[in-house]
Amino acid sequence: SSSVEDARSMVDSGQGKAASLADVPEFNLLAGALSAEGVHSAFLSDQTPGPNSLKKDAPMVQGGLLHEDATPPKNLLRPYSAYAAGTGSTSDGTYLVLALAHDTPEAASANVALFKDNVAAAVATPVELAPYLVDKMDVRAEGRLLVAKVYAKGPMWLRWFYGPRPVLTHQ
């Protein structure tokens with residue numbers, strides 16, 4: 001069965017007999033960024049929300065994962081190839097770390113300002129405001145990565161991906 005094959009693949013990977021996600025350069029880069037930020041849970045994907053992801057007939061809209069009335073941000077992010085999200089906590093509260101992997105350091109740097117603008121626009125939009133409230137945010141480029149550490153009220157990261165004002169849509 002598929003689950004037995006999956007379990008065998010995981011054991012083989014752990015024993016160095018088969019490739020793992022750590023062998024995928026983008027995922028290795030993303031996991032390193034999340035680890036450096038001290039997250040305790042993580043999500044990694046190479047299925048990035050491009051401009052077609054918000055169309056009414058897109059699989060994520062049809063499947064109920066994206067808000068049916070989602071509108072892209074005014075300034076789309078530059079393309080990125082994979083992303084990761086993870087949560088952690090400190091004495092300052094719970095935080096979200098987002099890491100976006102780009103083809104070049106220049107693209108990562110360009111997305112820093114665009115990301116900040118998109119978050120500011122989402123926070124200023126009265127539609128379902130509560131999930132977007134940000135207490136503090138640090139956004140920076142580290143080589144080919146954009147890394148954002150965000151302290152916020154509520155489960156805002158879900159809304160950033162799937163809500164009516166998604167902030168991570170790219171060109």
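Start by selecting lysine 149 and glutamate 37: their side chains are joined by a polar contact of 3.5 Å. The model is a predicted one, and residues are numbered from 1 along each chain as its sequence is written.

**Around lysine 149**

Keep lysine 149 selected and show strand β5, in which this residue lies. Lysine 149 has a relative accessible area of 19% and is therefore buried, since the cut-off for that class is under 20%. Now display its contacts. Leaving out residues up to four places away in sequence, lysine 149 touches Glu37, Tyr95, Leu96, Val97, Lys136, Met137 and Asp138. Of these, pick Tyr95 next: lysine 149 lies over the face of tyrosine 95, at 4.3 Å from the ring centre.

**Tyrosine 95 and tyrosine 151**

Add tyrosine 151 to the selection. Is this residue, like tyrosine 95, buried or exposed? Both tyrosine 95 and tyrosine 151 are buried. The ring centres of tyrosine 95 and tyrosine 151 are 5.4 Å apart and the planes stand at 55°, so this pair is tilted. Tyrosine 95 belongs to strand β3 and tyrosine 151 to strand β5; with these positions 56 residues apart, the pair links distant parts of the chain. Then bring in lysine 136, which lies over the face of tyrosine 151 at 4.8 Å from the ring centre.

**The sheet**

Switch to a cartoon view and select residues 93–101 and residues 145–152. These are strands β3 and β5, which pair in the antiparallel sense over seven bridges. To find one of the bridges, select alanine 101: its partner in β5 is leucine 145.

Next, show the whole sheet. In what order do the five strands run? The order is β1-β2-β3-β5-β4, in an open sheet with antiparallel pairing. Select 41–45 and 134–142 to see the edge strands, β1 and β4, each of which pairs on one side only. Between neighbouring strands of this sheet the average turn is 15°, direction ignored.

Colour residues 25–36 separately. This is helix α2, which lies across β1, β2 (82–90), β3 and β5 and runs at about 15° to β2.

**The other aromatic residues**

The structure holds three aromatic pairs. Select phenylalanine 43 and tyrosine 83 for a tilted one, with 5.9 Å from centre to centre and 50° between the planes. Phenylalanine 43 is in strand β1 and tyrosine 83 in strand β2, so the pair ties together parts that are 40 residues apart in sequence. The two residues can also be viewed with a surface: phenylalanine 43 counts as partly exposed at 35% relative accessibility, whereas tyrosine 83 is buried, with a relative accessible area of 4%. Add Tyr80 to complete the view, as ring pairs link Phe43, Tyr80 and Tyr83 into a cluster.

**Last stop: asparagine 118**

Move to residues 105–124, which make up helix α4, and select asparagine 118 within this helix. Asparagine 118 counts as buried, at 3% relative accessibility. Which backbone atom does its side chain reach? The side chain of asparagine 118 reaches the backbone oxygen of asparagine 75, at 3.2 Å. Show asparagine 75 alongside asparagine 118 to see this contact.

Definitions and conventions: This is a predicted model: local features need pLDDT of at least 70, side-chain atom pairs count only at pLDDT 80 or more; totals for chains, interfaces and linings use all residues. Side-chain values use heavy atoms; hydrogens and water are left out. Two strands pair if DSSP finds at least two bridges between them. Helices (H or I, at least four residues) and strands (E, at least two) are DSSP runs, numbered from the N terminus. Axes are lines fitted to C-alpha atoms, for helices over the stretch in contact, and angles run from 0 to 180 degrees between N-to-C directions. Contact means heavy atoms within 4.5 Å. Rings of Phe, Tyr and Trp (its six-membered ring) pair if their centres lie within 6.5 Å; planes under 30 degrees apart count as stacked, over 60 as edge-to-face and the rest as tilted. Buried means under 20% relative accessible area, exposed over 50%, partly exposed in between (1.4 Å probe, protein chains only). A charge sits over a ring if NZ of Lys or CZ of Arg is within 6 Å of the ring centre and within 35 degrees of the ring normal. A polar contact is a pair of N or O atoms within 3.5 Å; within protein, one must be able to donate a hydrogen and the other to accept it, and residues adjacent in sequence count only if both atoms are side-chain atoms.
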